[in-house]
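Hi everyone, and thanks for making time for this. I'd like to walk you through a structure that may be new to you, so please have a look at the screen.

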Amino acid sequence: MAAPLPGLDSLRQQIDEVDLQLLTLINQRAALAAQVAAVKSSTLDEQSQGSVSFYRPEREAQVLRNIMKQNAGPLPDADVARLFREVMSACLALEKPLRVEALGYPGSLAHLAALKHFGQSIVPGQRTVAASLFADVESGNIDYAVLPFGSLLAGLDLSLTASAEAITENYVSLFLQHDVQICGEVKFLTARADEPDPQRGAAQAKAAAKSQRFIVIGRGAVPASGDDRSSVIAGIADKPGGLYHLLAPFDALGISILRLEAKQGSSALVESSEPAGEQFFVIDFPGHFGEERVKQLFEALKTLTSTFKFIGSYPNGVL
Ligand SMILES: O=C(O)C(=O)C[C@]1(C(=O)O)C=C[C@@H](O)C=C1
């Protein structure tokens, strides 16, 4: 015969006890984070060129990956990661509340992506013009911005995100004009690949699920997290074989390409100084700018391009 189930009152009493332990532990953690802040403030951070970076995306990615790796259940990895995401968000807010703005209206996907990436304890904002976000991140008016990026733009539900005018603004020219870097990516699955919408079919649902990607832009480089990707903008003369030659160093150095996006009609994108007929590519690949192989790649790409801009090494999205 099965052992009798414990009574409801006894179980709730145990939950109360565990909650108190959690409360103590969470506050212990917050007090440690406050000490980290004091240490950071007392040592100028080279990465941030003189100002203190309280937000450390590489460390946050490591913390969340570790939690997911150690998780023995019964809570699923994604749920524990979300809970720890919020704990870290509150700890960081104690160090310094971050001002994070999203490209989109309140409740837009970009806004939700900002909360997903940074947690609820940020000072959120949103706007519909990408250019002002780039300028304000660069000047320090805001700490970070979250923007839809890449092939996402094509399939995005405009009503959920921002005006068509805002999202078709060209990020390539903005990255070339402003000293900002990608410091994180947020994958946002609006349609789950395993639950296809019968109206659209499994293949489209999968494609849609994959396409929802946002980037976080900030100032300064992000140290390696151990599982990183990098992005560059490469401008080449728009002629046959150009892309073939551009990709040769990736092959030679054994670096795979995670994403390649062409920006056509580029002569109109960047203000007058650009040669007519230049074609831009945004290329994502695995690795961090501090790795020897990636340094060699950059040297090779510089010799093959009319415009070359490194736009960030950042942790592969965890949540
Ligand atoms: O490790 C740090 O640098 C911290 O500031 C602590 C902490 C955390 O709560 O774990 C908080 C904010 C950072 O973004 C990363 C991690």
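Let me start with a question: which residues does leucine 319 touch, not counting residues up to four places away in sequence? The contacts of leucine 319 are Leu64, Ala81, Arg82, Arg85 and Lys116. Please keep in mind that this is a predicted model.

Let's stay with leucine 319 for a moment. You will find leucine 319 in the segment after β9, which spans 307-315. Is leucine 319 buried or partly exposed? A residue needs 20 or more other C-beta atoms within 10 Å to count as buried, and leucine 319 has 18, so it is partly exposed. Leucine 319 also has a distant partner in sequence: valine 186 is 133 residues apart from it along the chain, yet their C-alpha atoms are separated by 7.5 Å.

Now let's step back to the whole chain. There are 12 helices and 9 strands. Of the 319 residues, 31% count as buried. If you take the contacts between residues at least 6 apart in sequence, 76% of them join residues at least 24 apart.

Next, the sheet. In what order do its strands run? The order is β2-β1-β3-β5-β4, which makes an open sheet of 5 strands with mixed pairing. At the edges are β2 (123-127) and β4 (181-187), each of which pairs on one side only. On average, and ignoring direction, neighbouring strands of this sheet are turned by 25° against each other. As a reminder, strands of a sheet pair through backbone hydrogen bonds, either parallel or antiparallel.

Let's look at the two partners of β5 that I picked out. Strand β3 (residues 144-148) pairs with β5 (residues 213-218) in the antiparallel sense, over 4 bridges. One bridge to follow on screen links alanine 145 to isoleucine 217 in β5. β4 and β5 are antiparallel too, with 6 bridges between them. Here you can find glycine 184, whose bridge partner in β5 is valine 216. Although β4 is an edge strand, this strand is mostly covered, with 6 of its 7 residues buried.

A helix packs on this sheet as well: α5 touches β1 (99-103), β2, β3 and β5, and its direction makes about 150° with that of β3. Which residues of α5 (residues 130-139) are buried? They are Ala130, Leu133, Phe134 and Val137. Looking down the axis of α5, these buried residues fall within an arc of 100°, so they line one face of the helix. Right after α5 comes glycine 140, which has a positive phi, near 90°.

Another backbone detail is worth a stop. Glycine 73 and proline 74 are joined by a cis peptide bond, with omega at about 10°. Proline 74 sits in the loop between α2 and α3. For context, most residues other than glycine have a negative phi, and most peptide bonds are trans.

Finally, the ligand. Which helices supply at least two residues each to the shell around it? Those are α1 (8-42), α2 (57-70) and α3 (77-95). The largest share, 4 residues, comes from α3. By class, the shell has 7 nonpolar residues, 4 charged ones and no polar ones. Among the residues around the ligand are Ala33, Tyr55, Arg59, Glu60, Met88 and Glu95.

That's my tour, and I'm happy to go back to any part of it.

Technical notes
Residues numbered from 1 in each chain as written. Predicted model: local features only at pLDDT ≥ 70, side-chain atom pairs only at ≥ 80, totals over all residues. Near = placed C-beta within 6 Å. Nonpolar A, V, L, I, M, F, W, Y, C, P; charged D, E, K, R; others polar. Buried ≥ 20, exposed ≤ 12 C-beta atoms within 10 Å, placed from the backbone. Arc of directions from axis to C-beta. Pairing = 2+ DSSP bridges. Axes fitted to C-alpha atoms, helices over the stretch in contact; angles between N-to-C directions. Contact = placed C-beta atoms within 7 Å.
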